[in-house]
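Let's take a walk through this structure together. Keep the 3D view open and turn it as you read.

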Protein chains: 2
Amino acid sequence: MPSSSSSSSSSSSLPTTPNSLKVGCVGGGQLGRMMALEAPRLNISMRFLDPTGSDCPAAQVVGCSGPTSTPGGVSDRIVKGTLCDEDKLRELGMGCDVVTMEIEHVGVEGLRKLEEEGVNVQPCSRVIGIIQDKFVQKEHFAKHGIPLPPYTNLPTIESIHDAALQFGLPLMLKSRKGAYDGRGNTVLKETTPQAIASALDDLGLKESDLGDTLYAEGWIKFQCEVAVMVVRSTTGETRAYPATSAIQTDSICRVVLVPARNVSAAIRHQCEQIAMRAINALGDGATGVFGVELFLAEGRHGGGTEVLLNEVAPRPHNTGHYTQDACGTSQFENHLRAVCGLPLGDTGLICGAAAMVNVLGASSGDINDTMQGVNAAMSMPRAVVHWYGKGCRPGRKMGHINITADSHAEIDASLAEILDLERISVDALPEDCRPGKSPLVAVIMGSQSDLPTMQDAVNILKEFGVPYEVDIVSAHRTPEKLMQYSRSAASRGIQVIIAGAGGAAHLPGMVAAMTPLPVVGVPIKTSTLNGQDSLLSIVQMPRGVPVATVAIGNATNAGLLAVRCLCASRPDLRDKMEEYQLNMKEAVDATSEKLLAEGSDKYLEGMGNKNKSVNV
Amino acid sequence: MPSSSSSSSSSSSLPTTPNSLKVGCVGGGQLGRMMALEAPRLNISMRFLDPTGSDCPAAQVVGCSGPTSTPGGVSDRIVKGTLCDEDKLRELGMGCDVVTMEIEHVGVEGLRKLEEEGVNVQPCSRVIGIIQDKFVQKEHFAKHGIPLPPYTNLPTIESIHDAALQFGLPLMLKSRKGAYDGRGNTVLKETTPQAIASALDDLGLKESDLGDTLYAEGWIKFQCEVAVMVVRSTTGETRAYPATSAIQTDSICRVVLVPARNVSAAIRHQCEQIAMRAINALGDGATGVFGVELFLAEGRHGGGTEVLLNEVAPRPHNTGHYTQDACGTSQFENHLRAVCGLPLGDTGLICGAAAMVNVLGASSGDINDTMQGVNAAMSMPRAVVHWYGKGCRPGRKMGHINITADSHAEIDASLAEILDLERISVDALPEDCRPGKSPLVAVIMGSQSDLPTMQDAVNILKEFGVPYEVDIVSAHRTPEKLMQYSRSAASRGIQVIIAGAGGAAHLPGMVAAMTPLPVVGVPIKTSTLNGQDSLLSIVQMPRGVPVATVAIGNATNAGLLAVRCLCASRPDLRDKMEEYQLNMKEAVDATSEKLLAEGSDKYLEGMGNKNKSVNV
């Protein structure tokens with residue numbers, strides 16, 4: 001499927017000699033490690049700078065031979081040193097075609113010097129400098145018209161009072177630099193000297209530290225957090241990955257759901273557009289993958305949903321891990337492609353839905369407790385385990401699990417089990433994102449009197465194991481519900497709608513007018529015209545809005561038709577449908593055998609009162 | 001989706017300390033390299049034995065740190081030596097939890113000694129011994145009732161004459177050991193002494209070498225080659241990956257298409273069952289992934305298609321490379337899971353269809369010529385490049401490209417381009433496997449007189465960019481074609497059938513009775529009853545066989561309904577459908593504006609002769 005794209009494609013080629021493209025990466029944590037696992041396929045070899053040297057996660061996976069290694073191996077592929085050490089940065093860059101990073105807390109000055117010395121640093125030091133200081137980042141995006149929550153710099157204690165007056169309480173206080181996973185953020189609930197001192201203490205600051213260390217953000221009534229990964233090439237081509245629901249617990253990313261669950265396609269596209277605009281606003285040298293965190297907030301001006309940018313990370317991001325198993329090109333491969341000047345890869349989903357769950361070191365610190373989720377995932381279809389090879393500590397990011405499926409509904413059973421094993425309460429998830437809330441087929445009807453007929457469709461869905469929901473939606477008595485239900489069905493993950501109605505049967509056609517999904521119409525039998533009124537009301541739709549109409553009163557066939565529609569993406573369902581058809585054949589064969597054996601007279605006798613057509 | 005499985009699941013866990021599971025692999029070529037790229041995610045570290053030492057493809061990707069490495073790195077992760085060198089095999093196995101292999105041409109005796117010394121070798125030496133000698137392999141499978149082409153041992157020149165008499169000419173002569181990529185096979189067309197001497201010469205044999213070096217196979221009239229990857233756990237659980245079409249040129253695997261193209265689901269399942277039976281027949285120690293090559297042959301006893309086993313490789317296989325991007329668990333990960341005693345992973349497809357194209361060193365030997373295909377693939381959606389990091393030689397396997405999509409039809413454009421750049425003539429592909437032969441939607445009708453109506457459906461499919469085919473299939477005049485067409489539609493990759501018919505309109509319902517696909521019925525307007533006969537003939541189907549019926553003569557809606565059905569697996573089409581609906585709204589808005597501006601009198605005047613309902 002096509003990915004959002006804002007410009008024409010670059011046209012470089014893969015290196016033509018083995019491992020001739022050499023990429024140096026500042027930081028050798030799990031993000032670097034996952035880059036290194038994609039690099040060999042693309043004929044790229046990597047080296048890393050990390051404070052822990054050959055103990056870092058990336059060291060376990062970079063090749064021990066190849067053009068950048070000396071016979072000794074390790075010392076050449078892994079440079080041990082802090083990420084601000086100019087000499088070590090220089091050592092990393094020696095002989096590399098590109099220097100990139102897997103973390104933004106690096107020495108911008110050191111990178112700038114490297115650039116002066118002719119090293120190709122992507123993203124460039126100027127961009128890292130903007131992003132590293134979150135107040136500068138906000139100023140930059142504000143200047144470029146990117147929608148932001150209200151914010152202000154806090155150079156003094158007085159400015160905290162001013163901000164509280166301007167934005168109201170509670171007020172978010174945030175460190176301008178060095179914050180991650182919730183560290184560096186605190187909430188100010190009142191402006192007493194004690195409360196302010198306590199808040200500064202939370203952030204490890206004293207009053208004398210103020211100046212360029214702290215800024216404030218107004219409190220946002222946000223509906224949910226959305227994250228969008230964006231990749232930008234050296235030539236300025238920008239592509240967005242699909243918008244995701246990013247769910248945190250204790251300020252750490254725990255669960256990502258894709259596409260963003262219960263967020264309409266229009267809002268998702270808006271998120272992707274704003275994310276691409278923000279990254280483009282960073283200008284030349286904004287190269288590689290960027291994680292863009294957004295808030296969906298209640299419109300401040302009385303409108304519906306407002307999309308606001310929270311912050312940006314200039315590298316692959318935890319909320320983009322799902323791309324490894326759910327997208328045409330993972331964020332790690334696309335980062336490498338972008339910084340190396342290769343063509344950008346496809347950012348579209350290759351499945352209908354995906355989820356990612358982070359595996360954190362258990363609070364017991366026990367590795368066996370920590371691994372319960374990944375061990376269970378090893379036996380789940382379409383769950384993929386990504387382990388980082390790090391020592392276990394409580395709360396440490398140890399690995400993640402990606403789950404893919406054709407729809408949110410099909411992810412739910414595995415997701416619920418993993419959430420449980422990862423000790424993540426479902427209450428941590430927004431209510432409409434919780435497992436079990438994602439039917440694939442909706443069975444609706446104009447009146448409860450239609451239920452005895454429509455139950456046949458439900459029974460078929462049960463038989464085929466297709467998740468469904470049943471509701472009453474009356475075109476004439478609940479027109480607002482009709483509209484709301486129809487418009488939201490697709491973004492709720494529903495793939496087929498079965499609608500039954502009788503008489504002047506408007507429900508199926510009206511639903512079809514307000515959804516892109518296939519709508520199956522069941523004409524309910526009526527007492528006055530035997531359902532001919534229902535049939536013609538449902539089937540004779542105008543050009544442009546189809547309803548898949550079945551026989552009068554035949555909701556069984558509506559259920560079967562819904563299953564056949566799902567077959568397009570579900571070979572397993574197609575196999576089941578073939579089995580169902582074979583069973584019908586065998587049932588008729590058995591009847592035929594009995595009739596042949598008994599003769600028609602005796603058979604008819606045996607039928608007794610049952611002697612009526614079995615059809616419909 | 002569920003995978004074929006023959007036994008209960010194993011229940012081991014991932015290792016609990018970083019990289020605590022150590023796997024030694026005999027051979028460090030591209031198969032070992034691709035295993036090594038999957039290992040870190042599973043907390044497994046690998047080492048390799050290879051004759052080229054640290055120049056082998058695997059050496060570029062095994063970590064340069066971790067528990068199995070000494071500070072020097074390389075020497076510990078890569079053992080340099082031949083694959084039969086007992087001391088080197090022992091060095092490889094030292095401290096490893098499991099020793100496995102990526103090639104079957106290894107020292108069985110050396111492996112046997114390792115086993116005696118307590119090393120855990122998976123698959124075991126006994127199994128390798130059976131597979132290594134292709135005549136012994138045949139004998140083993142024959143004993144276990146696996147269907148095989150006729151074969152016989154050739155201990156003497158006389159036995160060649162006997163075999164020719166028994167099986168007829170031409171006769172396949174095959175080396176019992178050491179054959180790969182077509183080397184070790186030759187065709188004997190006549191039994192003159194010169195022809196026999198020449199055939200032996202082809203195989204590098206002299207008459208005096210006969211004894212246990214050569215065997216014969218009867219010539220099979222085969223329709224196509226199918227390959228099935230099978231994974232078997234230490235506890236005997238066996239799972240099959242989907243059957244693929246394996247296409248060779250010059251006896252080297254060039255293209256793999258999944259699911260096997262134009263092979264019915266029943267035959268594909270039969271292939272998967274035979275492949276699993278064959279691997280299970282190897283007994284205890286048949287652990288890991290096995291590549292199973294099969295022939296689909298014309299039934300020797302006058303029947304339809306016969307499935308015959310060709311040969312088995314005890315390792316990941318070229319025909320299974322597509323699993324990296326198209327299946328829940330790749331063959332490389334599943335091989336590691338199996339030999340380590342971890343639970344087997346999902347072998348089902350995560351997409352509707354996939355293709356793999358091998359990249360061979362160009363005949364010019366020029367790396368730039370060689371890389372044309374992969375460079376083009378870098379810009380194709382859902383194409384994934386896997387480069388092996390080897391030096392370029394004409395005909396050498398340098399890498400491969402996987403393409404995935406929701407259907408064969410969506411692969412075709414990319415596949416055709418890559419085939420062209422890889423200098424693979426489409427004539428090398430069986431006719432019904434060639435790109436462009438895979439419509440997604442079939443538009444059929446009972447008579448050519450229905451075409452003016454049905455063309456509206458075709459126009460919608462064109463507008464949405466959905467590949468289609470159009471044909472005349474008459475229920476009453478071509479009943480055999482009706483049956484053949486309906487029964488084969490799904491295995492040809494068709495996902496929705498639109499059928500139009502008039503009067504006693506049986507076509508849509510009869511097609512629906514013989515396919516699991518959704519069938520959209522278009523009642524054609526008739527002169528006698530205005531299409532009411534057609535409508536009731538199509539819509540009033542009995543319970544069990546649904547037809548999605550649209551309004552009389554409204555083929556536009558049939559096309560739209562087909563697109564809506566495809567939406568289940570195609571978010572891009574859903575977006576287009578929403579746009580289509582928006583366009584309809586805007587068209588009506590424009591009309592409404594004009595009507596408001598002009599007033600009804602003037603507007604009606606302007607309509608002139610066009611004043612009739614715009615509906616249907």
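Before we set off, one bit of vocabulary: helices and strands here are DSSP runs, numbered from the N terminus, with at least four residues for a helix and at least two for a strand. Keep in mind, too, that you're looking at a predicted model.

Start with chain A as a whole. Its 616 residues are 62% buried, and the chain holds 20 helices and 23 strands. If you drew a box around its C-alpha atoms along the principal axes, the box would come out at roughly 100 × 65 × 50 Å. Now think about who touches whom: of the contacts in chain A between residues at least 6 apart in sequence, 66% link residues at least 24 apart.

Next, find the loop between strand 12 and strand 13 (252–258) of chain A, which is where A:Ser251 sits. A:Ser251 isn't a glycine, yet its phi is positive, at about 65 degrees. Is A:Ser251 buried or exposed? Neither label fits: with a relative accessible area of 37%, A:Ser251 counts as partly exposed, because that class covers values between the 20% limit for buried and the 50% limit for exposed.

Hop over to chain B and look at the loop between strand 12 (244–249) and strand 13 (252–258) there, where you'll meet B:Asp250. B:Asp250 also isn't a glycine, and its phi is positive, near 50 degrees. Its relative accessibility is 74%, so B:Asp250 counts as exposed.

Back in chain A, step into strand 12 itself, residues 244–249, and stop at A:Thr244. Its relative accessible area is 1%, so A:Thr244 is buried. What does A:Thr244 touch, once you set aside residues up to four places away in sequence? The list includes A:Glu225, A:Val226 and A:Ala227, then A:Val256, A:Leu257, A:Val258 and A:Ala260, and also A:Thr319 and A:Tyr322.

For another hidden spot, go to helix 1 of chain A, residues 30–38. Since 9 of its 9 residues are buried, this helix is largely enclosed by the rest of the structure. Among those buried residues are A:Arg33 and A:Glu38, along with A:Leu31, A:Met34 and A:Met35. Helix 1 of chain B, also residues 30–38, is mostly covered, with 9 of its 9 residues buried. Its buried residues include B:Gln30, B:Gly32 and B:Leu37.

Now for a pair of helices. In chain A, helix 4 (residues 108–116) and helix 5 (residues 125–132) have axes 9 Å apart and pack at an angle of about 165 degrees. That angle makes helix 4 of chain A roughly antiparallel to helix 5 of chain A, because angles over 145 degrees count that way. The crossing of these two helices is left-handed. On the helix 4 side, A:Val108, A:Leu111, A:Arg112 and A:Glu115 do the touching, and they meet A:Ser125, A:Ile128, A:Gly129 and A:Gln132 of helix 5. Sorted by class, this contact has 3 nonpolar, 3 polar and 2 charged residues. In the loop between helix 4 and helix 5 of chain A you'll find A:Pro123, and the peptide bond leading into it from A:Gln122 is cis, with omega near -10 degrees.

Chain B has a cis bond to show you as well: it joins B:Leu169 and B:Pro170, with omega about -5 degrees. B:Pro170 lies in the loop between helix 7 (157–167) and strand 7 (171–175) of chain B.

Another proline in chain B, B:Pro314, lies in the loop between strand 15 (305–313) and helix 10 (323–326). B:Pro314 has a relative accessible area of 1%, so it is buried. Its contacts beyond four places in sequence include B:Met101, B:Pro123, B:Ile128 and B:Phe290. Try tracing B:Pro314 to B:Glu104: they're 210 residues apart in sequence, but their C-alpha atoms are 6.5 Å apart in space.

Finally, zoom out to see where the two chains meet. The size of an interface is often given as the accessible area lost when the parts come together. Chain A and chain B bury about 8,800 Å² between them, and 57% of that is on carbon and sulfur atoms. B:Met378, B:Arg543 and B:Arg564 supply 9% of the area chain B buries against chain A, more than any other three residues. The contact takes 102 residues from chain A and 102 residues from chain B.

How values were computed:
Residues are numbered from 1 along each chain as its sequence is written. Chains are lettered from A and ligands numbered from 1 in the order in which they are written. This is a predicted model: local features need pLDDT of at least 70, side-chain atom pairs count only at pLDDT 80 or more; totals for chains, interfaces and linings use all residues. Side-chain values use heavy atoms; hydrogens and water are left out. Buried means under 20% relative accessible area, exposed over 50%, partly exposed in between (1.4 Å probe, protein chains only). Contact means heavy atoms within 4.5 Å. Axes are lines fitted to C-alpha atoms, for helices over the stretch in contact, and angles run from 0 to 180 degrees between N-to-C directions. Angles under 35 degrees count as roughly parallel, over 145 as roughly antiparallel, 65 to 115 as roughly perpendicular and the rest as oblique. A crossing is left-handed if the near helix is turned anticlockwise from the far one by less than a right angle, and right-handed if clockwise. Ala, Val, Leu, Ile, Met, Phe, Trp, Tyr, Cys and Pro count as nonpolar, Asp, Glu, Lys and Arg as charged, and the others, Gly among them, as polar. Buried area is the accessible area (1.4 Å probe) that two parts lose on being put together, summed over both.
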